[in-house]
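Biologist: I'd like to go through the rings and the empty spaces in this one. Can you pull it up so we can talk it over?

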Amino acid sequence: MAGGVNRKISASSARAHTRRAKKSSFPVFLGLFKKTLVVFFVAFLAFAFKTIQPLPPKTCGSPDGPPITAPRIKLRDGRHLAYKEHGAPKNTAKYRIIYVHGFDNCRHDAVVAQTLSPEIVEDLGVYIVSIDRPGYGESGPDPNRTVKSLALDIEELSDQLGLGSKFYVIGYSMGGQIIWGCLKHIPHRLAGAVLLAPVVNYWWTGFPTNLSSIAFSQQLLRDQWALRVSHYTPWLTYWWNTQKWFPSLSVIAHSPDNFSKKDKELVPKISERINYPAQIRQQGEYESLHRDLIVGFGTWEFSPMDLENPFPNNEGSVHLWQGDNDKLVPVTLQRYIIQKLPWINYHEIPGAGHFFPHADGLSDSIVKSLLVGEK
């Protein structure tokens, strides 16, 4: 035969050749799968990052922000602090008080100023200025907010308004935490201080573990989770309180589950709040509500239980008022704090809940005990 080569291929060789041919396409498939997985993973991370990132604040006075309607001072770092004046004229007043509002409130929520009797205002000469804390109302947001920075804001407000070398401070609920900061960082500027149902941070050092754990477990389950997030993973605070899968903090949702019997009786007294609720969060919830949670329930640089008496010679006084049926602030923890700080004048109101400052006559008692030592 002319030049032909007769090749015989065995069955096993044919199978081996077939297997090699099929295997050669697998790396291509694996490579495509890996690339697709990476794309999906990157897309998921982008979605997750966007989800946990808060919206930028709509700062008052900015092109897209709310208008400025309140008097404001310009602070050391360029931020603005809005305020509202009450009572006797500042220049002739004998006593000057700075009032600090609570969570999800603003300068209009100055219960002591609003319910103080005209007789007390006139007889004692009481001037009260209430503020919008950073991010609330018309005060500029403070992304660097700390317990200390809030105390320094108050000191600067006093200086710019000319309240004198010493002034009084009153803080309600979350605003009570700010008073602890004032007692720590600007005690030399204080003539006296009042904490009204001050919110407790369950992670303050100094609490016996069993005491704080029991008090924490008595809070609503949804609040336990929300506060854990704020303390342990603060970068998830915005997401936790805006997602729809799990219930957020009950106070943000205005849940009536936090109201005691006495609180429910006092709800009609705070009905005027319907006139300005939109102003409270108008710059965004993150720099107001969520920042409050991160700072208030984060890791503090000090524990209130380690504070020293700012008035060792009785030249002033500190008072803490608490209802024994407060569903938001455990009375057991307040009692422990008072045991550690016996120089604080403690006023416990039987049967009262968190709204007790709105009760008839309470503001008169609070102010008289602070200014003239009347019980």
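Biologist: Which residues line the second largest cavity?

Modeller: This is a predicted model, so keep that in mind. The lining consists of Leu-81, Val-100, Ile-131, Arg-133, Pro-134, Leu-150, Asp-153, Ile-154 and Ile-178. Helix H5 gives the largest share, 3 residues.

Biologist: What makes that lining 7 nonpolar and 2 charged, with no polar residues?

Modeller: Arg and Asp count as charged, whereas Leu, Val, Ile and Pro count as nonpolar. Arg-133 and Asp-153 are in the lining, and the split comes out as 7 nonpolar, no polar and 2 charged.

Biologist: How do you know that this space counts as a cavity of 30 Å³ or more?

Modeller: Its volume is about 40 Å³, and the cut-off is 30 Å³. The count at that cut-off is 2 cavities, and the largest holds about 60 Å³ of space.

Biologist: And which residues surround the largest cavity?

Modeller: Arg-133, Arg-145, Val-147, Leu-150, Met-174, Gln-177, Ile-178, Asp-292, Val-295, Gly-296 and Trp-300. Helices H5 (147-161), H6 (174-185) and H12 each give two or more residues to that lining. The lining residues divide into 6 nonpolar, 2 polar and 3 charged.

Biologist: Trp-300 is in that lining. Why is its pair with Trp-204 called edge-to-face?

Modeller: Planes over 60 degrees apart count as edge-to-face, and centres have to lie within 6.5 Å to pair. Here the centres are 5.0 Å apart and the planes stand at 70 degrees, so the pair is edge-to-face. Trp-204 sits in the loop between strand E6 (190-196) and helix H7 (209-217), while Trp-300 sits in the loop between helix H12 (286-296) and strand E7 (318-323), 96 residues apart. Both Trp-204 and Trp-300 are buried.

Biologist: What makes Trp-239 and Trp-240 an edge-to-face pair?

Modeller: The cut-offs are within 6.5 Å for the centres and over 60 degrees for the planes. Their centres are 6.0 Å apart with planes at 65 degrees, so this pair is edge-to-face too. Trp-239 and Trp-240 are both buried.

Biologist: How many aromatic pairs are there by this rule, and which residues do ring pairs link into a cluster with Trp-204?

Modeller: The count is 14 aromatic pairs. The cluster holds Trp-204, Phe-207, Trp-300, Phe-302 and Tyr-336.

Biologist: How do you know that Arg-228 lies over the face of Trp-225?

Modeller: The distance limit for a charge over a ring is within 6 Å of the ring centre, and the direction has to be within 35 degrees of the ring normal. Arg-228 is at 5.0 Å from the ring centre and lies over the face of Trp-225.

Methods: Residues are numbered from 1 along each chain as its sequence is written. This is a predicted model: local features need pLDDT of at least 70, side-chain atom pairs count only at pLDDT 80 or more; totals for chains, interfaces and linings use all residues. Side-chain values use heavy atoms; hydrogens and water are left out. Rings of Phe, Tyr and Trp (its six-membered ring) pair if their centres lie within 6.5 Å; planes under 30 degrees apart count as stacked, over 60 as edge-to-face and the rest as tilted. Helices (H or I, at least four residues) and strands (E, at least two) are DSSP runs, numbered from the N terminus. Buried means under 20% relative accessible area, exposed over 50%, partly exposed in between (1.4 Å probe, protein chains only). On a 1 Å grid over the protein atoms alone, a cavity is a set of points where a 1.4 Å probe fits but cannot get out, and a pocket is an open set with protein on both sides within 12 Å along at least five of seven lines; lining residues have an atom within 4 Å of a point. Grid points are joined across faces, edges and corners, and a volume is the space filled by probe spheres set on the points.
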